[in-house]
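Colleague: I'm new to this one, and I'd like to learn how to read it piece by piece. Could you walk me through it?

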Amino acid sequence: MRMRTLAMFSTLAVGALALLFPGAARCAAQAAEHVVRPGDNLHLIAGYCYRDPRQWKKVWNLNRKELPNPHRLVPGRVLRIELTSGLSWEIPYEEFRSRVRGQ
C-alpha cells in the first residue's frame with residue numbers, strides 16, 4: 001500500500017512539474033551522428049555541435065569504445081553526438097569548417 005501511494009505521488013509530481021516547467025521536457029538529449037572527414041578533429045566537431053571546442057571530451061566519451069585515441073580520427077567513421085534541443089545548426093558543417101580554418 002505504501003509503495004503504491006509513493007508511486008502515484010511521484011507520477012503526479014512529475015506531471016505537475018511538466019505543466020509548470022514545459023521547457024524542461026524539451027531539453028531532452030537527442031542523438032545525432034557525424035561522419036568524420038579528412039582533417040577533422042574533436043575540437044572542430046565539438047565547436048560545431050556544442051558551440052564550444054572545449055567540449056571535445058563529451059564527444060570522445062560518447063565514442064570511446066570505437067575511438068580509443070582521441071587524436072586519431074579515421075575518415076568515414078561515424079561518431080555519435082548528443083545534442084540538446086536548445087542547440088541547432090545554423091550553417092552546414094562544411095561552411096563552419098571553412099570559416100574556422102580561414103578558407
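Colleague: Let's start with one helix: how many of the residues of α3 are buried?

Modeller: Keep in mind that this is a predicted model. In α3, 8 of the 9 residues are buried, so the helix is mostly covered. The buried ones are L42, L44, I45, A46, G47, Y48, C49 and Y50. For the protein as a whole, buried residues make up 25% of the 103 residues.

Colleague: Where does α3 sit in the overall order of elements?

Modeller: Reading from the N terminus, the elements run α-α-β-α-α-β-α. That gives 5 helices and 2 strands. Contacts along the chain are worth a look too: among those between residues at least 6 apart in sequence, 68% join residues at least 24 apart.

Colleague: How do I describe two helices that pack together?

Modeller: The general idea is to give the angle between their axes and the distance between the axes. Here, take α3 (residues 42-50) and α5 (residues 93-100): their axes come within 11 Å and cross at roughly 120 degrees. Angles of 65 to 115 degrees would count as roughly perpendicular and those over 145 as roughly antiparallel, so α3 and α5 are oblique to each other. The crossing of α3 past α5 is right-handed.

Colleague: Which residues make the contact between α3 and α5?

Modeller: From α3 you have L44, I45, G47 and Y48, and from α5 Y93, F96, R97 and V100. Sorted by class, that contact has 6 nonpolar, 1 polar and 1 charged residues. As background, an α-helix has 3.6 residues a turn, so residues three or four places apart point the same way.

Colleague: R97 caught my eye. Is R97 buried or exposed?

Modeller: R97, in helix α5, has 14% relative accessibility and so counts as buried. The side chain of R97 reaches the backbone oxygen of P38 at 2.5 Å. Leaving aside neighbours within four places in sequence, R97 is in contact with R37, P38, G39, D40 and L44. You can also pair R97 with I45: they are 52 residues apart along the chain, yet their C-alpha atoms are separated by 8.9 Å.

Colleague: Back to α3, then. What happens at the start of α3?

Modeller: There, a side-chain oxygen of N41 reaches to within 3.1 Å of the backbone nitrogen of H43.

Colleague: And which residue follows α3?

Modeller: That's R51, whose phi is positive, near 60 degrees, although R51 is not a glycine. R51 belongs to the loop between α3 and α4, and at 47% relative accessibility it counts as partly exposed.

Colleague: What does A46 touch, beyond its neighbours within four places in sequence?

Modeller: A46 lies in helix α3 and counts as buried at 0% relative accessibility. Setting those neighbours aside, A46 is in contact with R51, D52, P53, Q55, W56 and V59. With W56, the C-alpha to C-alpha separation is 5.1 Å, while the two are 10 residues apart in sequence.

Colleague: One last residue: where is N63?

Modeller: Look in the loop between α4 (56-62) and β2 (78-84). N63 is a buried loop residue, with a relative accessible area of 2%. Not counting residues up to four places away in sequence, N63 touches V78, L79 and R80.

Note on methods: Residues numbered from 1 in each chain as written. Predicted model: local features only at pLDDT ≥ 70, side-chain atom pairs only at ≥ 80, totals over all residues. Heavy atoms only, no water. Axes fitted to C-alpha atoms, helices over the stretch in contact; angles between N-to-C directions. Helix = DSSP H or I, 4+ residues; strand = E, 2+ residues; numbered from the N terminus. Parallel < 35°, antiparallel > 145°, perpendicular 65-115°, else oblique. Left-handed = near helix turned anticlockwise from the far one by under 90°. Contact = heavy atoms within 4.5 Å. Nonpolar A, V, L, I, M, F, W, Y, C, P; charged D, E, K, R; others polar. Buried < 20%, exposed > 50% of the residue type's maximum accessible area, 1.4 Å probe, protein only. Polar contact = N/O pair within 3.5 Å; in protein donor to acceptor, adjacent residues only side chain to side chain.
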